[in-house]
Amino acid sequence: VQLQASGGGLVQAGGSLRLSCSASGLTVSSNGMGWFRQAPGKEREFVGAMRKGSTATYYLQSVKGRFTISRDNANNRVHLQMNTLRPEDTAVYSCAATGMGKPIMSSYHLPSTYHYWGQGTQVTVSS
């Protein structure tokens, strides 16, 4: 199984980026798919997730209304559209997949819920 996040970069505050998570060895529609981020000196933080077998999504409170997760079943990818970016959104963003099993709704924000992790992509938001 491989997950690869891409699409990061440098953007000014208020700008937008679209991250993609490409999967091989698993089907994104059959997995809960999550996005996490980690800023220097900080712990990994849940950003958002799409529920396994559903289009239901969950988000960190501070990104609600600005970030949107979508799934491209045809290309086996998940996207994170990030709008109105803020300097505090600066971090390495990684995607993850839950694997087998059916996580309960309340567990999607936990890193331990995810079995597979991909390499991250750097997002830098300048003020």
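Start with two strands, S7 and S8. Strand S8 covers residues 77-82. Six bridges join S8 to S7, and the two run antiparallel. One pair of residues shows how they line up: Thr68 in this pairing stands opposite Gln81 in S8. Keep in mind that this is a predicted model.

Now widen the view. S7 and S8 belong to an open sheet of four strands. The order across the sheet is S1-S3-S8-S7, and the pairing is antiparallel. Two strands sit at the edges: S1, residues 2-6, and S7, residues 67-72. Each of these edge strands pairs on one side only. From one strand to the next, the twist averages 15°.

Next, look at the nonpolar residues. The largest nonpolar core has 29 residues. Which of them touch the most other members? They are Leu3, Trp35, Phe67, Leu80, Met82 and Tyr93. Many strands feed this core. S1, S3 (17-24), S7 and S8 each supply at least two residues. So do S4 (33-38), S5 (45-50), S9 (91-97) and S11 (121-126).

Take Met82 as a closer example. Leave aside its neighbours within four places in sequence. Met82 is then in contact with Gly15, Ser16, Leu17 and Leu19, among others. Its contacts also include Arg66, Phe67, Tyr93 and Val123. Phe67 and Tyr93 appear again here: like Met82, they are on the list of core residues that touch the most other members.

There is also a second core, separate from the one just described. It has seven residues, including Ala49, Tyr58, Ala96 and Tyr114.

Polar residues deserve a look too. Ser20 lies in strand S3. Is Ser20 buried or exposed? Its relative accessible area is 14%, so Ser20 is buried. The side chain of Ser20 makes a polar contact with the side chain of His79, at 2.9 Å. Beyond its neighbours within four places in sequence, Ser20 is in contact with Gln4, Ala5, Ser6, Trp35, Val78 and His79.

Asn31 offers a second case. Its place is in the loop between S3 and S4. Why does Asn31 count as buried? The cut-off for buried is under 20% relative accessible area. Asn31 counts as buried because its relative accessibility is 6%. What does Asn31 touch, not counting residues up to four places away in sequence? The list is Leu26, Met50, Lys52, Ala97, Thr98 and Gly99.

Notes: Residues are numbered from 1 along each chain as its sequence is written. This is a predicted model: local features need pLDDT of at least 70, side-chain atom pairs count only at pLDDT 80 or more; totals for chains, interfaces and linings use all residues. Side-chain values use heavy atoms; hydrogens and water are left out. Two strands pair if DSSP finds at least two bridges between them. Axes are lines fitted to C-alpha atoms, for helices over the stretch in contact, and angles run from 0 to 180 degrees between N-to-C directions. A nonpolar core is a set of buried Ala, Val, Leu, Ile, Met, Phe, Trp, Tyr and Cys residues joined through side-chain atoms within 4.5 Å. Buried means under 20% relative accessible area, exposed over 50%, partly exposed in between (1.4 Å probe, protein chains only). Contact means heavy atoms within 4.5 Å. A polar contact is a pair of N or O atoms within 3.5 Å; within protein, one must be able to donate a hydrogen and the other to accept it, and residues adjacent in sequence count only if both atoms are side-chain atoms.
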